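Here's a walk through two sheets and the helices that lie against them. Keep the model open and find each piece as you read.

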Amino acid sequence: PGPYATMVLASLGAEVIKVEPPKGDTGRFAGRLFELVNGGKKSVVVDLKDPADREALRKLLPTVDVVVEGFRPGVLAELGFGAEQLLREHPSLVYCSISAYGQSGPYRDRPGHDLNLQALVGACDIGRDAEDVPHGSALPIADLSSSMTAATSILAALFARTKDGKGRFVDVALTDTVLSWSYVWGEGLIPADLELDKQLPKLEKLVRGKGVPTGMRETLVEALRSPKAGPLAAKVGKAVRGSKLFGKIERLRLHLLPHYDLFRTRDGKYLAVGIVDEDKFWSALARQVGLGDLGKIPLPGRFVLGPQLRALLSTALLRKTRDEWLRTLDLEAVPVSPVLTITE
């Protein structure tokens, strides 16, 4: 998190001096990653266990605006470079500490890396797959979110200093920043209540409409009449508030949507379909991939029939290659994109 945060500051024009131990940052053995996050920075070698080197570092401090450190809480204070001491000696300094759980509290001294923190704050639970197995994000979202929190907090502290001339201590906990993400996304997607299960007859009438192939119609009607349909509809109904048919969707649980997913194409590649609550996008996609009047099913109905519609969409998209779909679909009417590798 520290190297990425200071990379952001360097990209904004800051002069960044990286302090490394005599053996070098262990990140130097991580290949390209070290080069990518440290390009454009300066580097000095300091052995913090050597009194002479500590004195050399002290002489550097009056020349800098910001100190960013990622040690275990309390380590730098034991070496004479803690936030309280340095701010007493340099009142205008902005001192930013980045740690797993912050500088205080019962978890203060616990070790933890990105996956631990994603698990602890509910991010892995949100990221469950189709088999309901929790997964961590492949991107280190705790590291990256805290990097951006550190960078923006440092900038805020520097701006505040222009007003009162005072430095600041910025305590960035990886847990706090990724918790903010998971809470807003997970808790914010819990919808308001409505008894949508009472609307199932209307939905059944709709799927029996013209343009829905007989095989599809039977599958959808069977799903609506299944014992699970009522409880599922009641749960989905929490997303609905009154309008003529089902109501206005306020918040969505995107993983329930049949049209917010990655779909395999004929050549084994994948397309990302990113439709959320927009009826017009769903209608355009259904029409262009051959699902006909299923495109008229409103959002609450697409929740209820999510598994069935996802299966139909998966089958439809297997008919062509990824690039054929990209040429065929109206990309201004349907939010789809190819799943590309970093090299691509």
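Two strands count as paired if DSSP finds at least two bridges between them. Helices (H or I, at least four residues) and strands (E, at least two) are DSSP runs, numbered from the N terminus. This is a predicted model, where local features need pLDDT of at least 70 and side-chain atom pairs count only at pLDDT 80 or more, while totals for chains, interfaces and linings use all residues. Residues are numbered from 1 along each chain as its sequence is written, and side-chain values use heavy atoms, with hydrogens and water left out.

**The parallel sheet**

Let's begin with β3 and strand β4 (residues 94-99), which pair in the parallel sense over four bridges. Look for valine 68: cysteine 96 in β4 stands opposite. Now take in the whole sheet: three strands, in the order β3-β4-β5, make an open sheet with parallel pairing. Its edge strands are β3 (66-69) and β5 (168-173), each pairing on one side only. From one strand to the next, the twist averages 15°. (Axes are lines fitted to C-alpha atoms, for helices over the stretch in contact, and angles run from 0 to 180 degrees between N-to-C directions.)

What packs on this sheet? Helix α8 (residues 141-164) does, touching β3, β4 and β5, and its direction makes about 165° with that of β5. Contact here means heavy atoms within 4.5 Å.

There are aromatic rings to look at too. Rings of Phe, Tyr and Trp (its six-membered ring) pair if their centres lie within 6.5 Å; planes under 30 degrees apart count as stacked, over 60 as edge-to-face and the rest as tilted. By this rule there are two aromatic pairs. Tyrosine 95 and phenylalanine 169 form a tilted pair, 6.0 Å centre to centre with 55° between the planes. This pair links distant parts of the chain, as tyrosine 95 sits in strand β4 and phenylalanine 169 in strand β5, 74 residues apart.

**The antiparallel sheet**

Strands of a sheet pair through backbone hydrogen bonds, either parallel or antiparallel. In the second sheet, three strands in the order β8-β9-β10 form an open sheet, and the pairing is antiparallel. The edges are β8 (260-264) and β10 (336-338), and each of them pairs on one side only. Here the twist averages 25° from one strand to the next. Helix α15 packs on this sheet and touches β8 and β9, its direction making about 40° with that of β8.

How do the strands join up? β8 and β9 run antiparallel and are joined by five bridges. They form a hairpin with five residues between them, and glycine 268 in the turn has a positive phi of about 85°. On the other side, three bridges join strand β9 (residues 270-274) to β10, again antiparallel. You can trace some facing residues: leucine 262 is opposite alanine 272 in β9, tyrosine 260 has glycine 274 in β9 as its bridge partner, and leucine 271 stands opposite proline 338 in β10.

**Two helix crossings**

Here are two helix pairs to compare.

| Helices | Axes come within | Crossing angle |
|---|---|---|
| α13 (residues 279-289) and α15 (residues 306-317) | 10 Å | roughly 45° |
| α1 (residues 2-11) and α8 | 8 Å | roughly 45° |

Angles under 35 degrees count as roughly parallel, over 145 as roughly antiparallel, 65 to 115 as roughly perpendicular and the rest as oblique. So α13 is oblique to α15, and α1 and α8 are therefore oblique to each other too. A crossing is left-handed if the near helix is turned anticlockwise from the far one by less than a right angle, and right-handed if clockwise. Helix α13 passes α15 in a left-handed crossing, while the crossing of α1 and α8 is right-handed.

Which residues of α1 make the contact with α8? They are Tyr4, Ala5, Val8 and Leu9, and on the α8 side you'll find residues including Leu144, Ser147 and Met148. This contact divides into ten nonpolar residues, one polar and no charged. (Ala, Val, Leu, Ile, Met, Phe, Trp, Tyr, Cys and Pro count as nonpolar, Asp, Glu, Lys and Arg as charged, and the others, Gly among them, as polar.) As for the other crossing, Trp282, Leu285 and Val289 in α13 meet Leu309, Leu313, Ala316 and Leu317 in α15. By class, that contact has seven nonpolar, no polar and no charged residues.
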